[in-house]
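Welcome! Take a moment to turn the model around on your screen, and then we will walk through some of its parts together.

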Amino acid sequence: MKVPKTITYNSLVERRIVASAATGPLATEVEADLRKLADKFTASFPFLSSQYAITVLDGDLDEDVDLRRKKCSCRRFALIGLSCEHALAGARDCGISPYTLCSRFYTVEAWLSSYGGSVCTLGNEESWVIPNGIGSMMITPPLVK
Ligand SMILES: [Zn+2]
(Lines give C-alpha, C1' and ligand atoms only; values in the text may rest on other atoms or scores of the structure.)
Protein backbone atom coordinates (compact mmCIF):
# COMPACT_ATOMS: atom_id res chain seq x y z
CA MET A 1 0.00 0.00 0.00
CA LYS A 2 1.46 3.35 -1.03
CA VAL A 3 1.17 6.37 1.25
CA PRO A 4 0.13 9.64 -0.43
CA LYS A 5 2.82 12.34 -0.17
CA THR A 6 0.46 14.97 1.18
CA ILE A 7 -1.62 13.38 3.84
CA THR A 8 -3.89 15.43 6.03
CA TYR A 9 -4.69 12.91 8.80
CA ASN A 10 -8.36 13.75 8.42
CA SER A 11 -9.83 10.31 8.68
CA LEU A 12 -9.36 6.97 10.30
CA VAL A 13 -8.70 5.51 6.87
CA GLU A 14 -5.84 7.93 6.17
CA ARG A 15 -4.30 7.26 9.56
CA ARG A 16 -4.65 3.54 9.02
CA ILE A 17 -2.82 3.87 5.69
CA VAL A 18 0.04 5.75 7.36
CA ALA A 19 0.28 3.15 10.14
CA SER A 20 0.23 0.23 7.73
CA ALA A 21 3.14 1.75 5.81
CA ALA A 22 5.41 1.47 8.86
CA THR A 23 8.37 -0.75 8.11
CA GLY A 24 9.58 -1.60 11.61
CA PRO A 25 7.95 -3.27 14.59
CA LEU A 26 7.34 0.12 16.26
CA ALA A 27 5.41 3.19 15.16
CA THR A 28 7.47 5.20 12.69
CA GLU A 29 8.30 8.17 14.93
CA VAL A 30 9.07 5.94 17.90
CA GLU A 31 11.38 3.83 15.74
CA ALA A 32 13.22 6.99 14.62
CA ASP A 33 13.57 8.20 18.23
CA LEU A 34 15.02 4.86 19.32
CA ARG A 35 17.53 4.89 16.47
CA LYS A 36 18.74 8.36 17.54
CA LEU A 37 19.09 7.20 21.14
CA ALA A 38 20.85 3.99 20.13
CA ASP A 39 23.46 6.00 18.24
CA LYS A 40 24.18 8.16 21.29
CA PHE A 41 26.02 5.45 23.20
CA THR A 42 28.05 3.72 20.52
CA ALA A 43 31.24 4.11 22.54
CA SER A 44 29.89 3.40 26.02
CA PHE A 45 31.12 0.61 28.21
CA PRO A 46 28.34 -0.76 30.36
CA PHE A 47 29.40 -2.67 33.45
CA LEU A 48 27.45 -5.87 33.79
CA SER A 49 26.68 -6.47 37.43
CA SER A 50 24.51 -9.48 36.57
CA GLN A 51 23.05 -10.90 33.39
CA TYR A 52 20.41 -8.16 33.12
CA ALA A 53 21.53 -5.49 35.61
CA ILE A 54 23.93 -2.95 34.17
CA THR A 55 25.56 0.33 35.10
CA VAL A 56 26.07 2.66 32.16
CA LEU A 57 28.48 5.57 32.39
CA ASP A 58 26.80 8.76 31.19
CA GLY A 59 29.14 11.68 31.67
CA ASP A 60 29.38 12.41 35.38
CA LEU A 61 26.39 10.17 36.14
CA ASP A 62 26.15 6.43 36.33
CA GLU A 63 22.75 5.07 35.38
CA ASP A 64 21.63 1.71 36.74
CA VAL A 65 19.60 -0.35 34.29
CA ASP A 66 17.60 -3.50 35.00
CA LEU A 67 16.74 -4.92 31.60
CA ARG A 68 14.52 -7.68 32.97
CA ARG A 69 12.30 -5.25 34.91
CA LYS A 70 12.57 -2.51 32.27
CA LYS A 71 13.87 0.03 34.76
CA CYS A 72 16.59 2.65 34.64
CA SER A 73 17.61 5.16 37.25
CA CYS A 74 16.99 7.95 34.69
CA ARG A 75 13.30 6.88 34.87
CA ARG A 76 12.53 7.14 31.16
CA PHE A 77 11.14 3.60 31.22
CA ALA A 78 8.75 4.47 34.02
CA LEU A 79 7.68 7.75 32.45
CA ILE A 80 7.00 6.80 28.85
CA GLY A 81 7.47 3.05 28.49
CA LEU A 82 10.34 3.34 26.05
CA SER A 83 13.97 2.38 26.35
CA CYS A 84 16.38 5.12 27.32
CA GLU A 85 19.82 5.39 25.78
CA HIS A 86 21.26 3.54 28.79
CA ALA A 87 18.97 0.56 28.36
CA LEU A 88 19.66 0.52 24.63
CA ALA A 89 23.41 0.40 25.29
CA GLY A 90 22.88 -2.40 27.79
CA ALA A 91 20.60 -4.32 25.45
CA ARG A 92 23.14 -4.02 22.67
CA ASP A 93 25.96 -5.33 24.86
CA CYS A 94 23.80 -8.16 26.24
CA GLY A 95 22.52 -9.16 22.81
CA ILE A 96 18.91 -8.32 23.67
CA SER A 97 16.54 -6.89 21.08
CA PRO A 98 15.71 -3.28 21.99
CA TYR A 99 12.14 -3.89 20.87
CA THR A 100 11.58 -6.21 23.83
CA LEU A 101 12.18 -3.21 26.10
CA CYS A 102 9.38 -1.06 24.68
CA SER A 103 5.77 -0.94 25.76
CA ARG A 104 3.41 -2.81 23.45
CA PHE A 105 1.50 0.45 23.05
CA TYR A 106 4.22 1.67 20.68
CA THR A 107 3.98 -1.28 18.30
CA VAL A 108 2.61 -0.96 14.80
CA GLU A 109 -0.01 -3.53 15.79
CA ALA A 110 -1.29 -1.24 18.58
CA TRP A 111 -1.09 1.77 16.24
CA LEU A 112 -3.19 -0.03 13.62
CA SER A 113 -5.72 -1.16 16.20
CA SER A 114 -6.19 2.48 17.24
CA TYR A 115 -7.64 3.16 13.82
CA GLY A 116 -9.15 -0.27 13.21
CA GLY A 117 -12.70 0.72 14.00
CA SER A 118 -15.15 2.75 12.03
CA VAL A 119 -17.39 5.69 12.72
CA CYS A 120 -20.81 5.69 11.11
CA THR A 121 -22.05 9.02 9.85
CA LEU A 122 -25.48 10.27 10.87
CA GLY A 123 -26.63 11.04 7.37
CA ASN A 124 -28.88 13.92 6.36
CA GLU A 125 -30.57 15.53 9.35
CA GLU A 126 -33.91 15.59 7.53
CA SER A 127 -33.91 11.78 7.38
CA TRP A 128 -33.44 11.29 11.13
CA VAL A 129 -36.22 9.52 13.00
CA ILE A 130 -36.47 11.21 16.38
CA PRO A 131 -38.69 9.55 19.02
CA ASN A 132 -41.53 11.57 20.52
CA GLY A 133 -40.44 13.63 23.52
CA ILE A 134 -36.76 13.60 22.52
CA GLY A 135 -36.95 16.24 19.80
CA SER A 136 -38.55 18.80 22.12
CA MET A 137 -36.03 18.28 24.93
CA MET A 138 -33.73 21.17 25.76
CA ILE A 139 -30.18 19.93 26.30
CA THR A 140 -28.08 22.31 28.38
CA PRO A 141 -24.38 22.17 29.03
CA PRO A 142 -23.30 20.60 32.33
CA LEU A 143 -22.87 22.81 35.36
CA VAL A 144 -19.26 23.77 35.86
CA LYS A 145 -17.87 24.54 39.27
ZN1 LIG B 1 18.25 5.49 31.42
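Which residues of α2 are buried? Before we get there, please keep in mind that this is a predicted model.

**The overall plan**

The protein has five helices and four strands. Starting at the N terminus, the elements follow the order α-α-β-β-β-β-α-α-α. Of its 145 residues, 26% count as buried. Among the contacts with a separation of 6 or more, 48% are between residues 24 or more positions apart.

**Helix α2 and its two sides**

Now back to the opening question: the buried residues of α2 are V30, E31, L34 and L37. Looking down the axis of α2, you would find these buried residues within an arc of 125°, so they line one face of the helix. A general rule helps here: an α-helix has 3.6 residues a turn, so residues three or four places apart point the same way.

What lies over these buried residues? The cover of the buried residues of α2 includes α3 (76–80) and α4 (85–94). On the other side of α2 you will find E29, R35, K36, D39 and K40, which are exposed.

The helix itself covers residues 28–40, which makes 13 residues. From its first C-alpha to its last, α2 reaches 19 Å, close to the 18 Å expected at 1.5 Å a residue.

**The zinc site**

Next, find the zinc ion. Which protein atoms are its donors? They are the SG atoms of C72, C74 and C84, together with ND1 of H86, and they lie 2.1 to 2.3 Å from the zinc ion. Along the sequence, these donor residues follow the spacing C-x1-C-x9-C-x1-H.

Why is the arrangement called tetrahedral? The four donor atoms subtend angles of 107 to 112° around the zinc ion, and this makes the arrangement tetrahedral; to count as such, all angles must lie between 85 and 135 degrees.

Two of the donor residues can also be described by their accessibility. C72 counts as buried because its relative accessibility is 8%, and buried means under 20%. C74, with a relative accessible area of 29%, is partly exposed.

**Two residues with positive phi**

Two loop residues are worth a look for their backbone angles. K70 has a phi near 55°, a positive value in a residue other than glycine. R75 also has a positive phi, near 75°, and is likewise a residue other than glycine. The table sets out where they sit and how accessible they are.

| Residue | Phi | Loop | Relative accessibility |
|---|---|---|---|
| K70 | near 55° | between β3 and β4 | 36%, partly exposed |
| R75 | near 75° | between β4 and α3 | 59%, exposed |

**D66 in strand β3**

Our last stop is D66, which belongs to strand β3 (residues 61–66). Which residues does D66 touch, leaving aside its neighbours within four places in sequence? They are Y52, A53 and K71. D66 and Y52 are 14 residues apart along the chain, and their C-alpha atoms are separated by 5.8 Å. The side chain of D66 also reaches the backbone nitrogen of R68, at 3.1 Å.

To revisit these places in the model, you could begin with the buried face of α2, go on to the tetrahedral zinc site, and finish at D66 in β3.

Technical notes. Residues are numbered from 1 along each chain as its sequence is written. This is a predicted model: local features need pLDDT of at least 70, side-chain atom pairs count only at pLDDT 80 or more; totals for chains, interfaces and linings use all residues. Side-chain values use heavy atoms; hydrogens and water are left out. Helices (H or I, at least four residues) and strands (E, at least two) are DSSP runs, numbered from the N terminus. Contact means heavy atoms within 4.5 Å. A polar contact is a pair of N or O atoms within 3.5 Å; within protein, one must be able to donate a hydrogen and the other to accept it, and residues adjacent in sequence count only if both atoms are side-chain atoms. Donors are N, O and S atoms within 2.8 Å of the metal (3.2 Å for Na, K and Ca); water is not among the atoms, so sites may look incomplete. Four donors count as tetrahedral if all angles lie between 85 and 135 degrees; four count as square planar and six as octahedral if opposite donors are over 155 degrees apart and all others between 65 and 115; anything else is irregular. Buried means under 20% relative accessible area, exposed over 50%, partly exposed in between (1.4 Å probe, protein chains only). The expected span of a helix is 1.5 Å times one less than its number of residues. The arc is that of the directions from the helix axis to the C-beta atoms.
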